[in-house]
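Here are my notes on the model, in numbered points. Have the structure open while you read.

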Amino acid sequence: MSKTQFQAAVLFAAFPCIAAASAADGRIADPVRAVLSPQGAVLYVEETLPVEREDGVPTVRMLLPANATDLQIVPGDAPLARITRRIVTGAAQGELSAERVRLEAERVRLNGQVTLWKAQIENAEDKDPLKVDIPALYVSIEKAKRSIAEIDELLKSYPKNQTTRLLVKAALADEGARSVKVRYSYRISDSRWQPAYNIDCVPGKDGMGRIAVRLEAIVQQNTCFDWKNTEVSLVSKGAGPVRPGSVRSWNVGYERQIERVRARGDGNMMAAAVMDEAPARMMMKSTGSRAPVVVANTQGGYAAWTPSMKGLVQGESRILLASGLWNEPLVWTVRPLNRDAQVYICAEHKLDGAMVWPEAQATLSVEGVAVGQDRFSPREGKVFLAFGNDPRVRLTAKTEPRKSGTEGFIGKTRIWDWAWSYTVRNDRDQAVNVSVERPRPKSVHKDVTVEYSGAPSPVLEDNVLKWKLQVAPHSESVVKHAVKVTAPEKLEIVTPVSP
């Protein structure tokens with residue numbers, strides 16, 4: 001961009017929330033590109049506009065959606081001298097907007113018909129009731145009222161009509177131009193997208209599970225027109241601070257107060273929009289020579305997905321970004337707390353580094369039956385999935401009475417003993433791999449000793465004791481767990497309580 005063009009770039013902040021259209025024919029110009037993030041959308045438009053004379057001043061016009069903000073204009077060879085704007089009226093342009101206009105007109109017609117029928121009934125009752133079929137009119141009124149109620153309910157899902165547009169006029173410094181090519185962009189803050197997962201698990205033989213994963217984009221397009229022939233990019237830009245936090249003080253010798261850092265919202269959508277155009281990686285495999293439905297780009301500052309089908313209509317759209325079929329060992333995980341406990345179906349999958357799997361809400365099911373929702377949160381190239389409790393695998397806990405007492409004559413020692421027995425029952429037709437998990441008991445005092453044992457022997461992972469066993473179909477397995485705590489009698493210690 002030249003210095004003149006740079007100086008002519010104009011920033012419009014905080015436009016009122018309204019809708020848009022193109023100046024020459026009263027319609028909004030279709031954007032050539034739209035970049036959507038979870039925080040909003042930026043539309044990029046290129047137009048060759050005719051130069052008109054207003055009071056002898058060469059001027060070009062642009063119509064924008066009323067909810068447009070942050071307008072930036074980069075003119076061609078003719079630099080801009082002045083920008084003005086005003087609100088104008090506009091007709092419905094998008095398909096949903098046009099349908100809403102039709103429904104609202106039908107509601108007005110039905111209300112008018114009901115009023116007419118009521119007047120006919122009232123007039124007939126006053127003069128000659130036999131000349132008019134009054135019961136039939138009452139039936140027609142009830143049918144019309146039901147239709148009106150159906151229209152009112154349907155209109156709740158339609159976007160509100162934006163009957164105004166923002167007309168932008170740009171006066172040119174070049175007197176001789178007859179037309180000028182203009183590039184401009186603006187933000188639509190309430191048009192955005194978010195990822196969502198649908199994940200289904202089918203337990204199979206030998207403790208394996210078939211996990212079907214679908215990543216979809218839920219896109220909201222909230223402008224007053226359909227985007228036709230527009231290249232749409234979905235960017236995984238998240239909200240968060242725009243600058244690093246301050247370096248905290250390190251004071252040794254007393255407890256440091258925890259400082260809370262207020263997160264600052266990132267309003268710089270333009271940064272997300274100017275990613276490098278790097279070679280794309282396919283998120284979905286193509287068949288033969290057919291182009292991929294969605295192409296992913298992980299080379300820029302943020303991951304981005306570009307659907308091959310251009311354009312985006314008003315309202316909500318769902319776009320399949322990626323799918324996968326994972327075969328992973330399932331682990332029936334149970335974490336008892338001294339009582340019977342539910343057993344949960346769990347799995348872990350190592351993610352393909354060439355694929356993009358953003359963190360998002362996931363709808364989970366087992367064999368097609370919905371079990372709930374959870375967060376799909378990849379960590380260190382892996383994702384942990386849980387599919388709710390399995391009613392055909394259960395754990396019964398038996399807690400022995402806790403024992404306590406003292407030992408020795410000189411320097412007496414106090415002792416506490418716990419013992420548990422966990423019975424895992426598998427009523428499935430296939431064997432299951434079970435992990436019984438309990439916290440590792442540990443001492444926080446040099447004179448307090450903690451010992452634990454188990455049958456079979458537990459495995460220690462991340463300070464968690466895990467008993468890993470395979471339970472045969474329609475059978476039971478038992479886990480024994482014991483803990484012993486010893487401390488000097490003179491030591492003032494609160495009687496320990498097991499979790």
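1. Starting with an odd backbone spot: E380 is not a glycine, yet its phi is positive, at about 55°. E380 lies in the loop between β20 and β21. Strands here are DSSP E runs of at least two residues, helices are H or I runs of at least four, and both are numbered from the N terminus. The side of E380 facing solvent is easy to sum up: E380 is exposed, with a relative accessible area of 83%. For the labels, exposed means over 50% relative accessible area, buried means under 20%, and partly exposed is in between, using a 1.4 Å probe and protein chains only.

2. A word on the ground rules. This is a predicted model, where local features need pLDDT of at least 70, side-chain atom pairs count only at pLDDT 80 or more, and totals for chains, interfaces and linings use all residues. Residues are numbered from 1 along each chain as its sequence is written, and side-chain values use heavy atoms, with hydrogens and water left out.

3. D70 is another non-glycine residue with a positive phi, near 55°. D70 sits in strand β6 (residues 68-74), and with a relative accessible area of 18% D70 counts as buried. A cis peptide bond turns up too, joining A455 and P456 with omega at about 0°. P456 belongs to the loop between β25 (449-455) and β26 (459-461). As background, most residues other than glycine have a negative phi, and most peptide bonds are trans. I'd look at these spots on screen.

4. Now the charged pairs. How many salt bridges does the count come to? The total is 22, where a salt bridge is a side-chain nitrogen of Lys or Arg within 4 Å of a carboxyl oxygen of Asp or Glu. One of them pairs R61 with E52, at 3.4 Å from N to O. R61 is partly exposed at 28% relative accessibility, and E52 is partly exposed at 33%.

5. Helix α2 (residues 95-126) holds both E104 and R100, which are 4 residues apart, about one turn of the helix. Their side chains form a salt bridge, with the closest N and O atoms 3.0 Å apart. R100 is buried at 12% relative accessible area, whereas E104 is partly exposed at 24%. A98 is in helix α2 as well, and is partly exposed at 39%. The C-alpha atoms of A98 and C224 are 9.8 Å apart, with their positions 126 residues apart along the chain.

6. Which residue forms a salt bridge with E216? The partner is R318, and the closest N and O atoms are 2.8 Å apart. This pair links distant parts of the chain, 102 residues apart: E216 is in strand β11 (residues 208-221) and R318 in strand β16 (residues 315-329). E216 is buried, at 11% relative accessible area, while R318 is partly exposed at 46%.

7. Those strands also pair with each other. β11 and β16 run antiparallel and are joined by 14 bridges; strands count as paired if DSSP finds at least two bridges between them. A217 stands opposite I319 in β16. The wider setting is an open sheet of 5 strands with mixed pairing, in the order β16-β11-β10-β19-β20. β16 and β20 (369-376) are the edges, each with a single partner strand, so one side of each has no neighbour in the sheet.

8. Which residues touch the most other members of the largest nonpolar core? They are Y184, Y186, I199, F376 and V436, in a core of 89 residues. A nonpolar core is a set of buried Ala, Val, Leu, Ile, Met, Phe, Trp, Tyr and Cys residues joined through side-chain atoms within 4.5 Å. Strand β21 (residues 382-399) gives the largest share of this core, 6 residues. A second, separate core has 14 residues, including L110, V114, I134 and A144.

9. V436 deserves a closer look. Leaving out residues up to four places away in sequence, V436 touches a list of residues including V334, P336, L395, K466 and W467, where contact means heavy atoms within 4.5 Å. K466 also appears in a salt-bridge network, linked with R335, E437, E461 and K468.
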